[in-house]
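Let's take a walk through a protein model together. Keep the picture open beside you and look up each residue as we reach it.

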Amino acid sequence: MFAGRTSWGMLLALVAALGFSLKAIFIKLAYPYGVDAITLLTLRMLFALPAFLWVGLARRPGQAALDAGDWLRVGALGCLGYYGSSLLDFMGLQYISAGLERLILFTYPTLTILIGVVFQGKPFNRRELVALVLCYAGIGSAFVHDLGLGDARDALIGGGLVFASSVSYALYLAGSAPMIGKLGALRFSALAMLVSTAATLLHFGLVQPLTVIVQPLPVYGWSLAMALFSTVIPVFALAAAIRQLGAGRTSLYGMIGPMLTIGFGWWLLDEALSLPQLAGAALVVAGVLVVSRK
């Protein structure tokens, strides 16, 4: 039964990784039409909103009501995970390639595990160490290659924004496990997304006129695709995977994401693909395989 639970958690984590790896591709495909980061993020949230309203606000038999402390924690995590992290990521993608973005963003597994070890007293075993070494060796290989392709200033600005996104997301993952245990994976994820949507709409309303929401048709299409395939499906899959595996191990399975984004970036965006990138991707896959062994 435990083996089946672990396999199911691994599958959910990989589905989440696939969905999140497509996010940068959808963003890059929308940017040529002149849309800015906060407007694109707002459209993503609005298209995803019905699913999260349905799950988050529907109270089912046996579910406890949230107290003030629960709402405070959900609010803080929602702002960290799918508002702050997403906005910083969207801004960073204005400066760097999708492949480089995903590589920098995937510093979050190390940060998630470190937060768990330092602040939550969680163990850190040899297998996780080996997996991290393999994965980050692969990420470093591809990073060095991509850094030499573009303007150094853009790489530093974009890379800094995406790394800040990674820190924000790691804090969200580390803090989400206790709330998932109390509220359930689907309910917590939906409530966190509702908070993120509210924060995004407030931000949009403060900095943009409402007329900016009128965009070319392809922007709506890519926003809708991002809402479904890179938001609703992977958010729920990720929360369920955390419930099965824990935040640290789930984040390690997600490290296959850089390989997927590099492949999609080469296929759909004509981004450069090289031997160092392929070698780096192979190391990432090796790391995922190490951590998935029983």
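**A guided tour of the inside**

Thr 261 touches Ser 21, Ala 24, Ile 25, Ala 98, Gly 99 and Arg 102, leaving out residues up to four places away in sequence. Before we go on, keep in mind that this is a predicted model. Thr 261 itself belongs to helix α11, which covers residues 257–269. With a relative accessible area of 0%, Thr 261 is buried, because anything under 20% counts as buried.

Some of those contacts lead us to helix α4. Ala 98, Gly 99 and Arg 102 are among the buried residues of α4, along with Leu 100, Glu 101, Leu 103, Ile 104 and Leu 105. In fact, eight of the eight residues of α4 are buried, so this helix is largely enclosed by the rest of the structure.

Now for some empty space. Rolling a probe the size of a water molecule over the atoms shows where empty space is left. How many cavities of 30 Å³ or more does the count come to? The count comes to one, and the largest cavity holds about 220 Å³ of space. It is lined by 20 residues, and those nearest its centre are Phe 20, Arg 102, Leu 105, Tyr 108 and Tyr 169. You've already met Arg 102 and Leu 105 as buried residues of α4. Four helices each give at least two residues to the lining of the largest cavity: α1 (2–30), α3 (68–92), α4 (98–105) and α7 (152–183). As for the chemistry of that lining, ten residues are nonpolar, six are polar and four are charged.

Next, let's look at charges. Side chains of opposite charge can pair when their charged atoms come close. In this model the count comes to five salt bridges. One of the salt bridges joins Lys 23 and Asp 89, whose closest N and O atoms are 2.7 Å apart. This pair links distant parts of the chain, with Lys 23 in helix α1 and Asp 89 in helix α3, 66 residues apart. Are these two partners buried or exposed? Lys 23 is buried, at a relative accessible area of 7%, and Asp 89 is buried too, at 0%.

Another salt bridge brings together the side chains of Lys 182 and Asp 67, at 4.0 Å from N to O. Lys 182 sits in helix α7 and Asp 67 in the loop between α2 (37–57) and α3, so the pair ties together parts that are 115 residues apart in sequence. Here the partners count as partly exposed: Lys 182 has 48% relative accessibility, and Asp 67 has 39%.

Then there's the salt bridge between Asp 70 and Arg 73, with the closest N and O atoms 3.1 Å apart. Because they are three residues apart in helix α3, Asp 70 and Arg 73 are separated by about one helical turn. An α-helix has 3.6 residues a turn, so residues three or four places apart point the same way. Asp 70 is buried at 1% relative accessibility, whereas Arg 73 is partly exposed at 41%. Put the pieces together and you get a network of salt bridges that links Asp 67, Asp 70, Arg 73 and Lys 182.

Let's move to helix α9, residues 217–245, where you'll find Ser 230. Ser 230 is buried, with a relative accessible area of 0%. What lies 2.8 Å from a polar atom of its side chain? That's the backbone oxygen of Gly 19. Setting aside neighbours within four places in sequence, Ser 230 is in contact with Gly 19, Phe 20, Leu 22, Lys 23, Phe 26, Arg 44 and Ala 225. Two of those names should ring a bell: Phe 20 is one of the residues nearest the centre of the largest cavity, and Lys 23 is the salt-bridge partner of Asp 89.

Helix α2 is where you'll find Ala 48, which is buried at 1% relative accessibility. The C-alpha atoms of Ala 48 and Leu 228 are separated by 6.7 Å, although the two residues are 180 residues apart along the chain. Not counting residues up to four places away in sequence, Ala 48 touches Ala 227, Thr 231 and Val 232.

Our last stop is Asp 270, in the loop between α11 and α12 (275–292). Asp 270 is exposed, with a relative accessible area of 70%. It has a positive phi of about 60° even though it is not a glycine.

Notes
Residues numbered from 1 in each chain as written. Predicted model: local features only at pLDDT ≥ 70, side-chain atom pairs only at ≥ 80, totals over all residues. Heavy atoms only, no water. 1 Å grid on protein atoms, 1.4 Å probe; cavity = no way out; pocket = protein on both sides within 12 Å on 5 of 7 lines; lining within 4 Å. Points joined across faces, edges and corners; volume = space filled by probe spheres on them. Nonpolar A, V, L, I, M, F, W, Y, C, P; charged D, E, K, R; others polar. Buried < 20%, exposed > 50% of the residue type's maximum accessible area, 1.4 Å probe, protein only. Contact = heavy atoms within 4.5 Å. Polar contact = N/O pair within 3.5 Å; in protein donor to acceptor, adjacent residues only side chain to side chain.
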